[in-house]
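Open the model in your viewer and keep the selection box at hand. We will go from stop to stop, and at each one I will tell you what to select and what you will find there.

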Amino acid sequence: MFNYVPLFGWVYAFFDYKPGIPLADSKFVGLKFFELIVNDGGDMARVLKNTLAMGLLGILCSPLPVLFAIMLNEVKPKFFRKFVQTAATFPNFISWVIVFSLSFSIFSNEGLFNRVMLSLGVIDEPTNILGNLGAVWYFQTALLIWKSLGWTSVIYLAAIAGIDSEIYEAGKMDGAGRLKLIWHVTVPGLMPTFIVLLLLSVSNILTIGFDQYYAFKNPLVADNIEVLDLYVYRIGIATNDYSYATAIGIAKTFVGIVLLFSVNSFAKKVRGQSIV
């Protein structure tokens with residue numbers, strides 16, 4: 001309902017719609033707003049750069065949940081393994097507003113991080129990480145990894161549980177140690193799942209989220225933290241330019257569809273199996 005019913009609102013992208021004026025009385029402008037997307041080199045180029053940069057950083061860090069799942073699977077004490085898994089999964093259920101509050105308490109000028117660093121003599125003056133324009137991509141990516149690492153690793157733990165135990169037994173009989181079993185049995189068993197999730201991440205690279213960047217946006221980092229979804233919100237809600245915002249959303253949807261079928265064709269050629 002929330003994904004397909006709003007598609008009827010795409011019609012606003014073809015009219016010069018103003019709030020309070022019925023759509024029937026609005027001027028039909030055709031592809032005017034789609035042409036504006038192409039010609040809007042300033043803000044659109046900046047927003048796309050931010051979106052692609054943080055999206056690519058997230059894709060580059062995609063092996064981390066695999067590594068975490070493998071390490072967690074190798075832990076023998078069940079109590080400790082369940083504790084670590086629960087602790088790592090818990091941040092996924094914390095809202096970004098709470099994450100921002102925690103980050104502000106830790107990384108603000110008077111936060112815990114600066115107090116500890118100053119007391120140890122590591123730094124001479126407080127560092128404002130939340131307002132560091134050059135570090136915003138990496139800081140936001142680190143927060144996203146912290147929040148999603150445990151939850152994503154659950155998928156890989158399920159994939160590990162699906163690997164035939166007889167393969168491990170055969171490897172042990174052939175003299176394979178723990179590291180060789182991981183490299184020659186666990187990793188190949190996880191690759192199909194990893195490739196599917198990786199390709200889906202590539203197809204959704206323009207849809208990297210809204211809540212996180214809306215919560216952490218401030219005037220000092222606004223230029224580097226504004227991603228496409230946040231830009232659509234600002235254009236559509238803050239400035240009431242519904243038609244242009246709708247056109248951007250439509251363009252993003254079609255780019256996502258093209259990327260999805262492109263990576264689907266790539267997967268079919270490389271693996272012999274498609275994901276759609």
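Begin with Asn240, which sits in the loop between helix 12 (228–238) and helix 13 (242–271); helices here are DSSP runs of H or I with at least four residues, strands are runs of E with at least two, and both are numbered from the N terminus. Asn240 has a positive phi of about 60 degrees, although it is not a glycine. Most residues other than glycine have a negative phi. With a relative accessible area of 38%, Asn240 is partly exposed (buried means under 20%, exposed over 50%, and partly exposed in between, with a 1.4 Å probe and protein chains only).

Before moving on, please note that this is a predicted model, in which local features need pLDDT of at least 70, side-chain atom pairs count only at pLDDT 80 or more, and totals for chains, interfaces and linings use all residues. Residues are numbered from 1 along each chain as its sequence is written, and side-chain values use heavy atoms, with hydrogens and water left out.

**The whole chain**

Zoom out and show the chain as a cartoon. You should find 13 helices and 2 strands. Along the principal axes, the C-alpha atoms fill a box of roughly 75 × 60 × 30 Å. Of the 276 residues in the chain, 34% are buried.

**Salt bridges**

Side chains of opposite charge can pair when their charged atoms come close. How many salt bridges does a search of the whole structure find? The search gives 8, where a salt bridge is a side-chain nitrogen of Lys or Arg within 4 Å of a carboxyl oxygen of Asp or Glu.

Stay with helices 12 and 13 for a moment and select Lys252 and Asp229, whose side chains meet in a salt bridge at 2.5 Å, N to O. This pair links distant parts of the chain, with Lys252 in helix 13 and Asp229 in helix 12, 23 residues apart. Lys252 is buried at 18% relative accessible area, and Asp229 is buried at 16%.

Next, select Glu226 and Arg234, another salt bridge with an N to O distance of 2.5 Å. Glu226 is buried, with a relative accessible area of 2%, whereas Arg234 is partly exposed at 25%. Now add Asp43, Arg46 and Lys217 to the selection: together with Glu226 and Arg234, they are linked in a network of salt bridges.

For one more pair, select Arg178 and Glu74, which form a salt bridge at 3.2 Å, N to O. Arg178 lies in helix 9 and Glu74 in the loop between helix 3 and helix 4 (78–89), so the pair ties together parts that are 104 residues apart in sequence. Arg178 is partly exposed at 47% relative accessible area, while Glu74 is buried at 18%.

**The largest pocket**

Turn on a surface and look for the largest pocket, which holds about 840 Å³ of space. To centre your view, select Gly58, Leu144, Ser148, Thr152 and Ser201, the closest to the pocket's centre of the 29 residues that line it.

Here is how pockets are found: on a 1 Å grid over the protein atoms alone, a pocket is an open set of points with protein on both sides within 12 Å along at least five of seven lines, and lining residues have an atom within 4 Å of a point. Grid points are joined across faces, edges and corners, and the volume is the space filled by probe spheres set on the points.

Which helix gives the largest share of the lining? Colour helix 7 (136–161): 9 residues of the lining come from helix 7. Helix 2 (41–60), helix 3 (63–73) and helix 9 (178–203) are also among those that each supply at least two lining residues.

Colouring by class, you will see 19 nonpolar, 9 polar and 1 charged residues in the lining; Ala, Val, Leu, Ile, Met, Phe, Trp, Tyr, Cys and Pro count as nonpolar, Asp, Glu, Lys and Arg as charged, and the others, Gly among them, as polar.

**Two contacts across the sequence**

Select Pro65, which has its place in helix 3 and is buried at 9% relative accessibility. Its C-alpha is 8.6 Å from that of Trp151, 86 residues away along the chain.

Finish at Asp16 in strand 1 (residues 15–16). Asp16 is partly exposed at 25%, and its C-alpha is 6.4 Å from that of Phe28, 12 residues apart in sequence.

Conventions: 1 Å grid on protein atoms, 1.4 Å probe; cavity = no way out; pocket = protein on both sides within 12 Å on 5 of 7 lines; lining within 4 Å.
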